[in-house]
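User: Please take a close look at one part of this protein, the largest nonpolar core, and describe how that part sits within the chain as a whole.

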Amino acid sequence: MIEVEKKFLLNNQDKERLTKDAKFLNERIFTDIYYDTEFFSLTSKDKWLRSREGRFELKLPLHEGAERLADQYDELEDEQKIKEALNLPFGGNLADNLVKAGYSPFCTYKTTRRKYKKEPFIIDLDVVDFQDFTYNIGEIELMVNDKSEIEGAIEKIMSFAKTQNLTIAPVRGKVIEYLKRIKPKHYQALVQARVVKDF
């Protein structure tokens, strides 16, 4: 499955409109730890390796460059596939292999997520605690089976957002917001690599 998502900064009225007549699915609290090398060898290629509640996930981009309406990533959750994608040895566990290969955490945060379904969309409303600051962000997601469906999914998300009177504007994702505020050197490296559009 391919996740197509668009991020929005939402005020309370936006949240009310968006969740009206939507089915509340659940509320979860989880901690994410993001990893990279000191030379930003993953994030500078728009690859995102994280451990969420102890389980590793690797997001690989299906879009190109920073100019895009929505994010499209392939998500690997199988440790063997992650090792393969990162060219890590197959022996031992992934956490140990990462340390040996020079990966270390660069960002940790706790998210309180309220998840809703408003056919056919999944809506995530996140309150993110970075300790240094808190960030409120919403995501509208559609899952598709094939790359050929991505463009159509983006159009559906955008027209749904317009019917909900949401502001369509560039929005920094959680990790990007953290890097811009707290780790400007890393942030600038991503801007130069054209992974991130600076605004």
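Analyst: What follows starts with the core, moves out to the whole chain, and ends with some individual residues in loops and in a helix. The model is a predicted one.

The largest nonpolar core holds 22 residues. Within this core, Val4, Leu18, Ile140 and Leu166 touch the most other members. Two or more residues come from each of these elements: strand E1 (2-8), strand E7 (121-129), strand E8 (134-144) and helix H4 (150-163). Helix H4 contributes the most to the core, at seven residues. In general terms, nonpolar side chains tend to be buried together in soluble globular proteins.

Which residues is valine 4 in contact with, leaving aside its neighbours within four places in sequence? The list takes in Ala70, Asp71 and Gln72. It also takes in Ile140, Glu141, Leu142 and Val144. The remaining partners of valine 4 are Ile150, Ala153, Ile154 and Ile157. Ile140, one of these partners, is itself among the four residues that touch the most other members of the core. Apart from this core lies another, of 20 residues, and its members include Tyr34, Val128, Ile176 and Leu179.

Now the chain around these cores. The protein chain has six helices and eight strands. Read from the N terminus, their order is β-α-β-β-β-β-α-α-β-β-β-α-α-α. The radius of gyration is 17 Å, close to the 16 Å that the globule rule gives for 199 residues, so the chain is as compact as a globular protein of that length. Along the principal axes, the C-alpha atoms fill a box of roughly 50 × 35 × 30 Å.

Of the 199 residues, 48% count as buried. Among contacts with a separation of 6 or more, 58% are accounted for by residues 24 or more positions apart. The accessible surface of the chain comes to about 10,700 Å², and carbon and sulfur atoms hold 48% of that area. As for charge, the chain carries 34 positive and 35 negative side chains, with the centres of the two sets 2 Å apart.

Several residues outside the core description deserve a separate note. Glutamate 119 and proline 120 are joined by a cis peptide bond, with omega about -5 degrees. Proline 120 is in the loop between strand E6 (104-118) and E7, and strand E7 is one of the elements that give two or more residues to the largest core.

Two residues other than glycine have a positive phi. For glutamate 53, phi is about 50 degrees. Glutamate 53 belongs to the loop between strand E3 (48-52) and strand E4 (55-61), and its relative accessible area of 52% makes it exposed. For asparagine 165, phi is near 60 degrees. Asparagine 165 sits in the loop between H4 and helix H5 (174-182) and, at 55% relative accessibility, counts as exposed. Helix H4, at one end of that loop, is the element that gives the most residues to the core.

Asparagine 12 is in helix H1 (residues 12-19). Asparagine 12 is also exposed, with a relative accessible area of 55%. From asparagine 12 to phenylalanine 39, the C-alpha to C-alpha distance is 39 Å, and the two are 27 residues apart in sequence.

Note on methods
Residues are numbered from 1 along each chain as its sequence is written. This is a predicted model: local features need pLDDT of at least 70, side-chain atom pairs count only at pLDDT 80 or more; totals for chains, interfaces and linings use all residues. Side-chain values use heavy atoms; hydrogens and water are left out. A nonpolar core is a set of buried Ala, Val, Leu, Ile, Met, Phe, Trp, Tyr and Cys residues joined through side-chain atoms within 4.5 Å. Buried means under 20% relative accessible area, exposed over 50%, partly exposed in between (1.4 Å probe, protein chains only). Helices (H or I, at least four residues) and strands (E, at least two) are DSSP runs, numbered from the N terminus. Contact means heavy atoms within 4.5 Å. The radius of gyration is taken over C-alpha atoms; the globule rule is 2.2 Å times the number of residues to the power 0.38. Accessible areas come from the Shrake-Rupley method with a 1.4 Å probe; for residues, only the protein chains shown count as cover. Lys and Arg count as positive and Asp and Glu as negative; His and the chain ends are not counted. The place of a charge is taken as NZ of Lys, CZ of Arg, CG of Asp or CD of Glu.
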